[in-house]
Amino acid sequence: MSADRYFRWKHPLRPTYYTKLKFKPLNQLPLAIQGGAPTFPKGPPKWPVVDDAIRKSIDQALASGQWGVYEGDLTNQLHQGLQTEFQLSNSLLCSSGTISVELALRGVGVRPGDEVILAAYDFPGNFRAIESVGAIPVLVDVVANGWVMDHEKVATALSETTSALIVSHLHGQSADVDAIAKIVGPRGIKIIEDVCQSPGGRHQGQMLGLRGDVATFSFGGSKLLTAGRGGAILSNDEATIQRAKIFAHRGNDAFPLSQIQAALLLPQLKKLRIRNQRRQQVASKVADAVNRLSELSTITVSASADSMGAFYKLPILLQKNSAIERATFLSAIQAEGVAMDIGFRGFAKRSTRRCRRVGSLGNAVLAAENTMLLHHPILMSDEEHVERLISAVERCHKYCLEM
Ligand SMILES: *Cc1c(COP(=O)(O)O)cnc(C)c1O
């Protein structure tokens with residue numbers, strides 16, 4: 001239907017047309033990209049959300065004067081809160097998730113010339129962090145139809161100079177850190193768990209970040225715990241945190257997290273679990289709907305209390321050589337007011353002067369080319385919004401297939 005006909009059809013001064021609209025099933029309405037009304041005219045839900053608890057926390061920080069000092073009650077409480085929530089006994093606060101990964105590499109003692117293994121599909125800053133410490137990135141593939149390091153590829157990636165791995169839990173999927181630790185642990189190779197996307201997630205009954213040697217967190221503006229900026233590393237090994245601290249301190253903390261940032265984070269930390277649960281429930285619904293559609297797949301969201309994804313992004317993977325164009329699908333869904341975008345570009349095409357590649361990295365290439373990511377705020381909305389989201393995904397899918 002043309003935009004013009006649709007407008008006349010739904011115009012309030014034409015009650016008969018209006019009635020038609022009311023009884024027209026949602027999935028037969030024209031898409032916004034075809035001139036229809038967008039599913040979410042106001043766009044995606046806002047993030048971060050400011051609530052009374054955050055206001056109160058900031059007011060207190062201002063009233064007490066705590067906001068004016070470098071470190072104090074609030075940063076101390078944040079250390080305590082993070083250590084309790086994530087079950088790790090030492091922490092260092094810092095200015096971003098990006099720097100947290102570099103601090104973690106320094107903390108576990110990576111030296112210039114060492115090799116550090118990471119997945120060929122990962123956050124771009126992780127590759128740079130390895131280069132920043134003078135080490136050499138070694139790329140291994142991700143699991144098939146997924147986004148996390150394939151532990152079966154790790155053994156062949158090891159060399160005499162491998163000193164660490166960065167293992168990221170991405171898009172609600174957990175890497176099998178236990179399996180990786182079995183391979184590298186006996187050789188004294190350290191594991192950095194990047195938990196920037198999944199704070200509070202659990203894998204086989206254990207909190208993410210516990211199985212590696214050090215865990216990294218981000219408090220960036222779009223993340224599940226946010227102070228606009230910020231990060232942290234946590235570890236049960238005091239010496240690891242101490243080494244990172246020595247690097248970060250140059251007479252003063254060079255990558256600080258402020259007390260006012262801590263004031264923002266403290267109330268959010270208390271709500272993390274309940275919010276993760278809600279996001280998990282909705283992610284599970286959306287994932288079921290996506291998995292029913294041809295050419296698209298996503299992760300299986302576990303229903304067991306044992307495992308819980310923390311959903312910073314919900315991934316959707318287009319099949320290899322799909323009839324659906326990623327760019328077309330994204331234009332259509334974005335026009336509906338849904339925050340969905342491409343995933344990471346991955347490192348498979350990086351020059352071999354900068355890194356060493358292990359195997360064909362075929363899964364990582366597919367992930368880089370075919371991933372679409374749904375941003376998390378909509379995962380906390382009510383049933384009606386979720387139904388509308390699912391319908392928008394289904395209609396965009398149909399639209400792309402009929403093109
Ligand atoms: C966001 C992110 C980071 C970096 O966090 P910033 O605080 O934005 O610097 C690192 N790793 C992963 C996997 C991320 O998603």
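This briefing describes selected strands, two helix crossings and one residue environment in the structure above. The model is a predicted one. Strand 8 (residues 214-218) has 5 of its 5 residues buried, so the rest of the structure largely encloses it, and strand 1 (residues 90-94) is likewise mostly covered, with 5 of its 5 residues buried. Among the helices, the axes of helix 3 (residues 52-64) and helix 9 (residues 259-291) come within 9 Å, and the axes of helix 10 (residues 326-335) and helix 12 (residues 383-402) also come within 9 Å.

**Strand 8 and its partners**

- In a regular strand, side chains alternate between the two faces of the sheet.
- On one side of strand 8 lie Val-214, Thr-216 and Ser-218, and on the other lie Ala-215 and Phe-217, with every one of these residues buried, so that both faces of the strand are covered.
- Strand 8 pairs with strand 5 (residues 190-194) in the parallel sense over 3 bridges, and within this pairing Glu-193 has Ala-215 of strand 8 as its bridge partner.
- Strand 8 is also joined to strand 9 by 4 bridges, and these two strands run antiparallel; here Ala-215 stands opposite Leu-234 of strand 9.

**Strand 1 and its pairing with strand 9**

- Asn-90, Leu-92 and Cys-94 point one way from strand 1, while Ser-91 and Leu-93 point the other way, and all of them are buried.
- Strand 1 pairs with strand 9 (residues 231-235) in the antiparallel sense over 5 bridges, and Cys-94 finds its bridge partner in Gly-231 of strand 9.

**Helix 3 against helix 9**

- The axes of helix 3 and helix 9 cross at roughly 150 degrees, and because angles over 145 degrees count as roughly antiparallel, helix 3 is described as roughly antiparallel to helix 9.
- The crossing of these two helices is right-handed.
- Helix 3 contributes Ala-53, Ile-54, Ser-57, Ile-58, Ala-61 and Leu-62 to the contact, whereas helix 9 contributes Ile-260, Ala-263, Leu-264, Pro-267, Gln-268 and Lys-271.
- Sorted by class, the residues in the contact of helix 3 with helix 9 comprise 9 nonpolar, 2 polar and 1 charged.

**Helix 10 against helix 12**

- The axes of helix 10 and helix 12 cross at roughly 140 degrees, which makes helix 10 oblique to helix 12.
- Helix 10 passes helix 12 in a right-handed crossing.
- From helix 10, Thr-328, Phe-329, Ala-332 and Ile-333 meet Ala-392, Val-393, Cys-396, His-397, Tyr-399 and Cys-400 of helix 12.
- Sorted by class, the contact of helix 10 with helix 12 holds 8 nonpolar and 2 polar residues, with no charged residues.

**The surroundings of Asp-341**

- Asp-341 is placed in strand 12 (residues 340-342), and with a relative accessible area of 44% this residue is partly exposed, a category lying between the 20% limit for buried and the 50% limit for exposed residues.
- When neighbours within four places in sequence are left aside, Asp-341 is in contact with Leu-330, Gln-334, Thr-371, Met-372 and Leu-373.
- Asp-341 and Ala-323 are separated by 18 residues in sequence and, from C-alpha to C-alpha, by 18 Å in space.

Note on methods
Residues are numbered from 1 along each chain as its sequence is written. This is a predicted model: local features need pLDDT of at least 70, side-chain atom pairs count only at pLDDT 80 or more; totals for chains, interfaces and linings use all residues. Side-chain values use heavy atoms; hydrogens and water are left out. Buried means under 20% relative accessible area, exposed over 50%, partly exposed in between (1.4 Å probe, protein chains only). Two strands pair if DSSP finds at least two bridges between them. Axes are lines fitted to C-alpha atoms, for helices over the stretch in contact, and angles run from 0 to 180 degrees between N-to-C directions. Angles under 35 degrees count as roughly parallel, over 145 as roughly antiparallel, 65 to 115 as roughly perpendicular and the rest as oblique. A crossing is left-handed if the near helix is turned anticlockwise from the far one by less than a right angle, and right-handed if clockwise. Contact means heavy atoms within 4.5 Å. Ala, Val, Leu, Ile, Met, Phe, Trp, Tyr, Cys and Pro count as nonpolar, Asp, Glu, Lys and Arg as charged, and the others, Gly among them, as polar.
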